[in-house]
Amino acid sequence: ALTEPRFVKYLNFDAAPVLRVANRTSLDFGTLDFSVQGHPVEAISPQAADPRAVEITRAEVGPDSANLALRYRQQGIRVQATFAKRSAQWTVDQFNLVEN
């Protein structure tokens with residue numbers, strides 16, 4: 001969801017060259033070892049989140065599907081994404097972005 005072009009266009013790397021992600025769910029994502037448009041992604045604690053951080057507000061993962069909700073306060077947007085697992089590969093099935 002963080003690399004989805006419909007979301008990436010809202011990211012402001014001039015204000016923050018590192019994409020900070022705060023996980024507000026009980027699901028453990030482990031380390032976030034990837035980048036978005038050449039900018040590193042850093043996992044931070046929910047307590048360290050500020051408006052420049054992307055917040056994971058809901059995450060549900062099943063064997064063949066997953067649902068994820070994101071909030072990006074700096075741009076006033078919320079994302080709802082549904083993923084499907086096909087041939088051992090996760091793909092975006094539905095993606096909804098709403099400006100608050």
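**View 1. Asn 23 and its polar partners.** In this predicted model, the side chains of Asn 23 and Thr 25 are joined by a polar contact of 2.6 Å. The Asn 23 side chain also gets to the backbone oxygen of Leu 27, again at 2.6 Å. As for where to look, Asn 23 sits in strand β1. Once you set aside the neighbours within four places in sequence, Asn 23 is in contact with Phe 29, Ile 44, Pro 46 and Ile 56.

**View 2. Strand β1 and the strands beside it.** Stay with β1, which covers residues 19-23. This strand is mostly covered, with four of its five residues buried. Which strands does β1 pair with in the parallel sense? One is β3, residues 39-44, which shares four bridges with β1. Another is β4, which runs parallel to β1 and is joined to it by three bridges. To find your way along these pairings, pick out a residue on each side: Arg 20 stands opposite Glu 42 in β3, while Ala 22 has Glu 55 in β4 as its bridge partner.

**View 3. The whole sheet.** Now step back and take in the seven strands together, which form an open sheet with mixed pairing. Reading across the sheet, the order is β2-β3-β1-β4-β5-β6-β7. At the edges are β2 and β7, each of which pairs on one side only. Follow the chain from the N terminus instead, and the elements run α-β-β-β-β-β-β-β. That gives a tally of one helix and seven strands for the protein.

**View 4. The nonpolar core.** Here we look at the largest nonpolar core, a group of 23 residues. The residues with the most contacts inside this core are Leu 2, Phe 7, Leu 11, Leu 19, Val 36, Val 54 and Leu 70. Which elements give two or more residues to the core? They are helix α1 (5-8) and the strands β1, β4 (54-61), β5 (65-72) and β6 (77-86). In soluble globular proteins, nonpolar side chains tend to be buried together.

**View 5. A closer look at Phe 7.** Phe 7 is one of the core residues with the most contacts inside the core. Which residues does Phe 7 touch, if those up to four places away in sequence are not counted? Early in the chain there are Ala 1 and Leu 2, and the other residues touched are Val 54, Tyr 72, Ile 77, Val 79, Phe 95 and Leu 97.

**View 6. Arg 52 in its loop.** Arg 52 lies in the loop between β3 and β4. Is this residue buried, exposed or partly exposed? Its relative accessible area is 41%, so Arg 52 counts as partly exposed. Leaving out residues up to four places away in sequence, Arg 52 touches Ala 15, Ala 16, Tyr 72 and Gln 74. For a sense of scale, compare its position with that of Val 36: the two are 16 residues apart in sequence, and their C-alpha atoms are 15 Å apart in space.

**View 7. Two loop residues with positive phi.** Take Gln 37 to begin with, found in the loop between β2 (35-36) and β3. Its phi is near 50°, a positive value in a residue other than glycine. Gln 37 has a relative accessible area of 58%, so it counts as exposed. Then move along to Ala 88, in the loop between β6 and β7 (89-99). Ala 88 is not a glycine, yet it has a positive phi of about 65°. With a relative accessible area of 66%, Ala 88 is exposed.

**View 8. Back out to the whole protein.** To finish, here are some overall numbers for the fold. The C-alpha trace spans about 40 × 25 × 25 Å along its principal axes. Why does the radius of gyration fit a compact globule? A compact globule of 100 residues would have a value near 13 Å, and the protein has 13 Å, so the two agree. Of the 100 residues, 36% count as buried. The accessible surface comes to about 6,000 Å², and 46% of it belongs to carbon and sulfur atoms. As for contacts along the chain, take those with a separation of 6 or more: residues 24 or more positions apart account for 41% of them.

Conventions. Residues are numbered from 1 along each chain as its sequence is written. This is a predicted model: local features need pLDDT of at least 70, side-chain atom pairs count only at pLDDT 80 or more; totals for chains, interfaces and linings use all residues. Side-chain values use heavy atoms; hydrogens and water are left out. A nonpolar core is a set of buried Ala, Val, Leu, Ile, Met, Phe, Trp, Tyr and Cys residues joined through side-chain atoms within 4.5 Å. Buried means under 20% relative accessible area, exposed over 50%, partly exposed in between (1.4 Å probe, protein chains only). Contact means heavy atoms within 4.5 Å. A polar contact is a pair of N or O atoms within 3.5 Å; within protein, one must be able to donate a hydrogen and the other to accept it, and residues adjacent in sequence count only if both atoms are side-chain atoms. Two strands pair if DSSP finds at least two bridges between them. The radius of gyration is taken over C-alpha atoms; the globule rule is 2.2 Å times the number of residues to the power 0.38. Accessible areas come from the Shrake-Rupley method with a 1.4 Å probe; for residues, only the protein chains shown count as cover.
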